[in-house]
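I set out to record the internal spaces, the aromatic contacts and the backbone irregularities of one protein chain. My entries follow the order in which I looked these items up.

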Amino acid sequence: MVREVLIKGGRIVTAVDDYVADILVRDGRIEAIARDIPAESIEVHEATGLMVLPGGVDVHTHMEFDLGNAQTCDTYETGTRSAAFGGTTTIIDFALQRQGQTPKQALDQRLALAAPQVCVDFGFHIILTDVNPGVLAELPDLINHDGVSSFKMFMAYPGVLMVDDANIFRSMRTVGNHGGMINLHAENGGVIQVLIEEALAQGNTSPKYHALTRPSIMEGEASHRAIRLAELAEIPVYLVHLSAEEALAAVVEARDRGIPAFAETCPHYLFLTIEEYDRPGFEAAKYVMTPPLRSHKCQHALWRGLKFDDLQIVSTDHCPFCFNEAPYGLNKSKQLGRDNFEQIPNGAPGVELRIPLLFDGGVNAGRISLNRFVQLTSTAPAKMFGLFPQKGAIAVGSDADLVLFDPNKTHVLSASTHHSNVDYSLYEGREVTGKVEKVFLRGQLIVDGDQWLGQPGMGQFLKRSASGRVM
Ligand code: DUC
Ligand code: ZN
Ligand code: ZN
């Protein structure tokens with residue numbers, strides 16, 4: 001049976017458009033967009049006074065992620081439900097290759113875990129930790145047949161996740177010819193380890209030392225190195241969670257020379273600064289993410305980067321660990337690092353807040369335009385990671401992933417109202433204007449105000465085309 005839904009009278013806002021029209025959805029896709037589509041015995045949603053946005057695409061989340069000493073506290077079900085309440089209908093999460101495992105095994109394991117649970121559409125980047133000739137030989141097939149066109153590598157966490165420059169370069173060379181891209185966590189892991197050991201030897205164990213041992217120039221150094229490796233390998237490169245002005249300078253310098261260097265930043269770097277680490281007691285552990293929060297000067301540079309397209313995407317790096325041990329246990333909690341900042345699991349929550357925060361603090365505050373806001377949260381991520389125009393667009397033929405957004409509604413961000421398992425909010429008590437009212441995933445209403453109407457397992461795995469090639 002054909003399923004039709006009509007969204008009437010909304011203000012359609014995309015990366016380039018802004019106009020009022022009706023949207024007819026048929027079998028999960030946008031069938032027609034016109035001024036006045038007759039509502040003949042079909043499901044109608046009145047959207048007068050609301051914006052209609054393409055569903056958000058968050059290309060950096062960690063649901064049920066195992067960081068070694070700790071696991072994130074959102075399951076695929078709770079994390080993607082939280083995403084949906086925040087207007088995000090597509091995520092790209094991570095499949096971590098363990099030592100001795102093949103990337104394909106890592107992908108299959110993650111898919112089996114995630115598929116029955118996910119409430120929004122999803123893809124994976126594969127994190128490569130163990131690079132050898134056999135692993136490299138598998139990568140083209142993963143891109144061409146499994147729809148995984150992006151691979152993340154760590155230049156930090158020596159002995160755990162870090163991969164050396166030679167293997168980063170080998171991986172770049174291998175995937176580059178097949179439409180693949182390497183995403184890098186760019187920090188100089190070796191130097192940071194020295195600083196951590198020095199701090200601990202001096203008895204400096206509090207959360208603040210997490211930030212003090214990860215200086216922004218070491219993010220700048222690694223970002224520059226990453227870009228140079230990619231330049232030599234002749235492949236696009238994508239820097240995840242860029243936070244430092246030194247790293248941004250490396251991106252700007254490369255882009256000015258015509259090198260395809262891309263980067264995302266995250267809401268916490270745009271709205272919070274290093275002063276959070278001065279919170280009393282262990283409270284500062286809530287803000288222990290990597291890279292750490294930076295200075296006001298860095299924050300200004302990031303906003304400028306977003307405005308002038310030196311930064312292309314805002315993703316969340318949703319990597320939630322509870323503050324308290326109960327109810328999910330010590331290994332899902334920041335308390336692991338009570339006596340030693342190095343043991344605090346690195347990561348912060350936020351998958352639900354990206355769109356309201358960026359609308360309020362970006363558009364309402366006059367820092368970016370409305371179209372740029374959609375570009376950064378939906379269209380550019382879809383293009384960057386091989387999902388456009390299925391995702392990231394409001395266009396005939398695109399998936400009907402649609403967000404009805406009230407630009408005038410004010411609400412207060414709080415852990416007591418968000419839908420993640422995590423027990424705190426980085427933005428507790430912050431008032432924002434602009435609220436997600438209804439969310440459709442492929443034409444199906446999954447969020448209606450405070451009501452959840454979706455089901456676990458309804459999210460579809462997305463086989464992606466090339467990454468980093470079409471912007
Ligand atoms: N990097 C991430 O991208 N996420 C969590 C921790 C980290 O270091
Ligand atoms: Zn990282
Ligand atoms: Zn991450």
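The entries below concern a predicted model.

**Entry 1. Cavities**

I began with enclosed space and asked how many cavities of 30 Å³ or more there are. The count comes to six. I noted a volume of about 150 Å³ for the largest cavity. Its lining comprises 17 residues, and those closest to the centre are His62, Thr290, Asp317, Cys319 and Asn346. Sorted by class, the lining of the largest cavity holds seven nonpolar, eight polar and two charged residues.

I then turned to the second largest cavity, which contains about 70 Å³ of space. Of its 14 lining residues, Pro349, Gly350, Val351, Leu353 and His418 are the closest to the centre. I recorded the classes as seven nonpolar, six polar and one charged. Which domains contribute to the lining of the second largest cavity? Domain 1 (4–54 + 396–452) and domain 2 (56–373) each provide at least three residues.

**Entry 2. Pockets**

I next examined the open spaces. The largest pocket has a volume of about 410 Å³. I found 20 residues in its lining, with Asn69, Tyr157, Val160, Glu342 and Asn346 closest to the centre. Asn346 is thus listed for the largest pocket and also for the largest cavity. I asked which element gives the most to the lining of the largest pocket. That element is helix 5 (residues 189–201), with four residues. By class, I counted 11 nonpolar, seven polar and two charged residues in the lining of the largest pocket.

For the second largest pocket I noted a volume of about 300 Å³. It is lined by 17 residues, and Glu352, His411, Thr417, His419 and Lys435 lie nearest its centre. Strand 14 (402–412) and strand 15 (431–441) each supply at least two residues of this lining. The lining of the second largest pocket divides into seven nonpolar, seven polar and three charged residues. I checked the domains here as well: domain 1 (4–54 + 396–452) and domain 2 (56–373) each give at least three residues to the lining of the second largest pocket.

**Entry 3. Aromatic pairs**

I listed the aromatic contacts and obtained 12 aromatic pairs. I looked up Phe85 and Trp452 in detail: the ring centres are 5.8 Å apart and the planes stand at 40°, so the pair is tilted. Where in the chain do Phe85 and Trp452 lie? Phe85 is in helix 1 (residues 76–85) and Trp452 in strand 17 (residues 451–452), so that the pair links distant parts of the chain, 367 residues apart. I also asked whether Phe85 is buried or exposed. Phe85 counts as buried because its relative accessibility is 10%, under the cut-off of 20%. Trp452, with a relative accessible area of 23%, is partly exposed.

A further tilted pair is formed by Phe154 and Tyr157, at 5.8 Å centre to centre with 55° between the planes. Both Phe154 and Tyr157 are buried. I also noted one aromatic cluster, made up of Tyr76, Phe122, Phe124 and Phe461.

**Entry 4. Lysines over rings**

I looked for charges placed over aromatic rings. Lys286 lies over the face of Phe323, at 4.9 Å from the ring centre. Lys383 lies over the face of Phe388, at 4.7 Å from the ring centre.

**Entry 5. Cis peptide bonds**

I then read the omega angles. The bond from Thr290 to Pro291 is cis, with omega near -10°. Pro291 belongs to the loop between helix 9 (267–271) and helix 10 (296–307). Thr290 had already been entered among the residues closest to the centre of the largest cavity.

Phe388 and Pro389 are likewise joined by a cis peptide bond, with omega about 5°. Pro389 is placed in the loop between helix 12 (370–384) and strand 14. Phe388 is also the ring under Lys383 in the preceding entry.

**Entry 6. Positive phi**

Finally, I noted non-glycine residues with positive phi. Tyr157 has phi near 65° and sits in the loop between strand 9 (150–154) and helix 4 (165–176). Tyr157 is the residue already recorded in the pair with Phe154 and in the lining of the largest pocket.

Arg442 has a positive phi of about 45°. I located Arg442 in the loop between strand 15 and strand 16 (444–448). Why does Arg442 count as buried? Its relative accessibility is 19%, and the cut-off for buried is under 20%.

Methods. Residues numbered from 1 in each chain as written. Chains lettered and ligands numbered in written order. Predicted model: local features only at pLDDT ≥ 70, side-chain atom pairs only at ≥ 80, totals over all residues. Heavy atoms only, no water. 1 Å grid on protein atoms, 1.4 Å probe; cavity = no way out; pocket = protein on both sides within 12 Å on 5 of 7 lines; lining within 4 Å. Points joined across faces, edges and corners; volume = space filled by probe spheres on them. Nonpolar A, V, L, I, M, F, W, Y, C, P; charged D, E, K, R; others polar. Domains from an automatic or database assignment. Phe/Tyr/Trp six-rings, centres within 6.5 Å; stacked < 30°, edge-to-face > 60°. Buried < 20%, exposed > 50% of the residue type's maximum accessible area, 1.4 Å probe, protein only. Lys NZ or Arg CZ within 6 Å of the ring centre and 35° of its normal.
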